Amino acid sequence: MAEKTSILKEQFLERLEKVKSLSDLDEVRVAFLGKKGSISELMKEMKNLAAEEKKAFGQTVNVLKDEVAEKIAEKTKELKEQEIERENNAMPEFDVSMPANLERGSYHPITLVQRQCEDVFRSMGFTVEDYGEIVTDYECFEAVNIPKHHPARDMQDTYYLENGQLLKTQTSAAQNAIYKKYRDALVNEGRPIKAIFPGRCFRNEATDACHENTFFQMEGVMVDKNISISNLIFFMKTMLSEVFGRDIKVRLRPGYFPFVEPGFELDINCLICGGEGCPSCKNSGWLELCPCGMIHPEVLRMGGIDPEEYTGFAFGLGMTRLAMMKYGIKDIRDLNGADLRNLAQFTE
């Protein structure tokens, strides 16, 4: 048996000498240390030995196993260092005396507007949350009071995935998780829930100047005792005035959204045509910007919050349309287009 371990060690060292890459090394590792490798197969021969020989044989094989593992670790380090050296040598030389190229890229207009909105809401005590783009049916619909087969689902043509999940159609999909995340602080410490969660949404829309299948929203919620519609109007007017740098004319009209009651559509006077009517506002002079309202008691309840004790408001700000208004972009499709000349106009 001692002779077998010696032969196996020699075979290993011979193969190790020929290794030129990490993938080659991994093949050697599997061949000797894998579950069906040579060393494992050698251990199986212990059953054929006498009792007094098994201990010595086991120790010999374990020593070999440790030596092989150590040699592989050393070779791994060596190969990685060689790879780094090759990459460094492959880096192009550059002349530090050459003048700098002062041409800069630019941020997307939606990114600029989103950052500005986040700063405004942070100044008012809101936290900024992040949430995934692929969600469950429960998160996107059921948790915001849209059960299966509810007719409100027809309002959103949804992209479903083969695993039953979907691309979120609205940032409201994060509401349930936000309530559960902060409800203990609300109930036990009396700290109101104040959060915004921007994100990209997807709907199977027929595209035109004011509709796209991929767009950005910013959901916001506030939950505490004695929250009213007046609080909602104050925060929205403050945000819009900060973003546009002037007082913005808005209107509230009744709107149906299953997760709020009562629900409203907050429209702003179209800043592209000045209220005279254009394709961007469907010639109405107004642009729908922010569905909003008082959070439905059932939605609070599903988030673990007692609607008899707490109330709150929620809004879904259309970041894409807000960017259109701020920068005078007439066609929403330009924002997802590949023409860099459109984006080059915007700098921070």
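Buried, in what follows, means under 20% relative accessible area, exposed means over 50%, and partly exposed is anything in between (1.4 Å probe, protein chains only). By that cut-off L79 counts as buried, at 5% relative accessibility.

A word on ground rules. This is a predicted model, so local features need pLDDT of at least 70 and side-chain atom pairs count only at pLDDT 80 or more, while totals for chains, interfaces and linings use all residues. Residues are numbered from 1 along each chain as its sequence is written, and side-chain values use heavy atoms, with hydrogens and water left out.

**Helix α4 and what it packs on**

Helices (H or I, at least four residues) and strands (E, at least two) are DSSP runs, numbered from the N terminus. L79 is found in helix α4, and so is K75, with the helix covering residues 51-90. Contact here means heavy atoms within 4.5 Å. Setting aside residues up to four places away in sequence, L79 touches V19, K20, S21, L22 and L25. L79 and K20 are 59 residues apart in sequence, but their C-alpha atoms are 7.8 Å apart in space. K75 has contacts with L16, V19 and L25, again leaving out neighbours within four places in sequence. Is K75 buried or exposed? Lysine or not, K75 is buried, with a relative accessible area of 14%.

**Salt bridges**

Side chains of opposite charge can pair when their charged atoms come close. The rule used for a salt bridge is a side-chain nitrogen of Lys or Arg within 4 Å of a carboxyl oxygen of Asp or Glu, and the count comes to 14 salt bridges. Here are some of them:

| Pair | N to O distance |
|---|---|
| D26 and R29 | 2.9 Å |
| R200 and E133 | 3.0 Å |
| D137 and K148 | 3.5 Å |

The D26 and R29 pair is a local affair: both sit in helix α2 (residues 22-33), 3 residues apart, about one turn of the helix. D26 is partly exposed at 38% relative accessibility, and R29 is partly exposed too, at 34%.

R200 and E133 also meet in a salt bridge, and this pair links distant parts of the chain, 67 residues apart, with R200 in strand β4 (residues 193-202) and E133 in the loop between β1 (127-128) and β2 (134-135). R200 is partly exposed, with a relative accessible area of 32%, and E133 is partly exposed at 30%.

Then there's the salt bridge between D137 and K148. D137 lies in helix α6 (residues 137-140) and K148 in the loop between α6 and β3 (166-167), so the pair ties together parts that are 11 residues apart in sequence. Salt bridges that share partners join D137, E142 and K148 into one network. D137 itself is buried, with a relative accessible area of 11%.

**E219, a buried acid**

Now for an acid that has no such partner. E219 is in strand β5 (residues 214-224). Lys and Arg count as positive and Asp and Glu as negative, with His and the chain ends not counted. On that basis, how far away is the nearest side chain of opposite charge to E219? The answer is 8.4 Å, to R203, and E219 is buried yet has no salt bridge. What the side chain of E219 does have is a polar contact with the side chain of S172, at 2.9 Å. A polar contact is a pair of N or O atoms within 3.5 Å; within protein, one must be able to donate a hydrogen and the other to accept it, and residues adjacent in sequence count only if both atoms are side-chain atoms. Beyond its neighbours within four places in sequence, E219 is in contact with residues including T171, Q175, F197 and F315.

**Helix α10**

On to α10, where 7 of the 9 residues are buried, so the helix is largely enclosed by the rest of the structure. Those buried residues are M319, T320, R321, L322, A323, M324 and M325. Their cover includes α5 (109-123), β5, α8 (229-244), β7 (260-269), β8 and β9. After α10 comes G328, whose phi is positive, near 70°.
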